[in-house]
Amino acid sequence: MMERELPRNNPAKRLLEILQKASQSPKNEQISEVLGTVIQIEKNNYSFYHGFIHLFYLLDCIEKNIKYFSKIKFNNYQKLLQDIREKLTLVGIQGFQEKKDVWASVNELNNPNWIDLNFLENCAEDLEDNKIFLGLEILSEIATELAMWRIEIETSNISEEFKCLLLDKLQDPIDAVENHYAYGSAGLKKEIEAGMTKIALVEDEIATPQEKSFFVEKYYTLFKRIELFLQLKIKIKGLLPVGLVEPTSEDLHPWRQFGTLDRNCS
């Protein structure tokens, strides 16, 4: 499979690059030296332990987001991640406790043809396929907007029960913005729509019709702005000649015709 350029914030791609570099490392180097080099950390114990833990963070991040795949893909990739996790755990123990062990003594991770690397590359591709992403500028605006919603909810005079519900549902789009590479823009829209629906269905004893309408309108306005932007981006992408670099969201000034996120949206 020909490798294509993938966003740097793809955790499967990051882990793949680290493991690929490790598999091609000199066999006579110490395990800690190999891992320290491929993770690109300072050569001291604290940095090394911290960097090694980062590999497991990447595994956790991938596992969290493959839930959006089909059941078959999810199960297959979950087995893949478990196998990689077990191999890394053994290598970590070897590298930490047996300081004289060299990279040639590890199993599979020193093999450029390790089959897990091929499956991990497929996983990285699946995280990217058929996704149209919002750019950093727009995501930053949305993150700011959601943070202001949180403050507004926490300081409001609504019932504690309704306040807890709003804060709980607000966390889902916040997570979708922070992990946009995995959720994609479609996933973000889904989380916003789910929150809007949940609030609309809340019982009257939890919130007044006016309170429900106010917060549903906030979600709806944000949802439509994202939808309009994505429609524009998809349209522009479809008009681009093959091989031409797609413009980023920061280049698409027509977004501004839909208005900036209203800080006092009601």
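The legends below describe close-up views of a predicted model.

**View 1. The largest nonpolar core of the predicted model.** This core comprises 34 residues. L19, L88, W103 and L120 have the most contacts inside it. At least two residues of the core come from each of helix 1 (11–23), helix 2 (31–39), helix 3 (45–65), helix 4 (71–97) and helix 5 (115–128).

**View 2. Contacts around L88.** With neighbours within four places in sequence left aside, L88 touches L19, F52, L55, F56, L59 and L109. L19 and L88 are both among the residues with the most contacts inside the largest nonpolar core. Another core, of 31 residues, lies apart from that one and includes I138, L188, V216 and L222.

**View 3. The aromatic pair of W149 and Y219.** The structure has 3 aromatic pairs, one of which joins W149 and Y219. A pair of aromatic rings is described by the distance of the centres and the angle of the planes. For W149 and Y219 the centres are 5.1 Å apart and the planes meet at 55 degrees, a tilted arrangement. Because W149 belongs to helix 6 (residues 136–154) and Y219 to helix 9 (residues 209–239), the pair ties together parts that are 70 residues apart in sequence. Both W149 and Y219 are buried.

**View 4. The aromatic pair of F214 and F215.** These two rings are edge-to-face, with 5.0 Å from centre to centre and 85 degrees between the planes. Are F214 and F215 buried or partly exposed? F214 has 27% relative accessibility and therefore counts as partly exposed, since buried means under 20% and exposed over 50%. F215, at 5% relative accessibility, is under the 20% limit and so counts as buried. Ring pairs also bring in F162, so that F162, F214 and F215 form a cluster.

**View 5. The surroundings of L166 in helix 7.** Helix 7 spans residues 160–178 and contains L166. With 1% relative accessibility, L166 counts as buried. Which residues does L166 contact, leaving aside its neighbours within four places in sequence? They are I153, I158, I199, F215 and Y219. One of them, I153, is 13 residues from L166 along the chain, and the C-alpha atoms of the two are separated by 7.4 Å. Two other contacts of L166 are aromatic residues shown in the preceding views: F215, which pairs with F214, and Y219, which pairs with W149.

Terms used:
Residues are numbered from 1 along each chain as its sequence is written. This is a predicted model: local features need pLDDT of at least 70, side-chain atom pairs count only at pLDDT 80 or more; totals for chains, interfaces and linings use all residues. Side-chain values use heavy atoms; hydrogens and water are left out. A nonpolar core is a set of buried Ala, Val, Leu, Ile, Met, Phe, Trp, Tyr and Cys residues joined through side-chain atoms within 4.5 Å. Buried means under 20% relative accessible area, exposed over 50%, partly exposed in between (1.4 Å probe, protein chains only). Helices (H or I, at least four residues) and strands (E, at least two) are DSSP runs, numbered from the N terminus. Contact means heavy atoms within 4.5 Å. Rings of Phe, Tyr and Trp (its six-membered ring) pair if their centres lie within 6.5 Å; planes under 30 degrees apart count as stacked, over 60 as edge-to-face and the rest as tilted.
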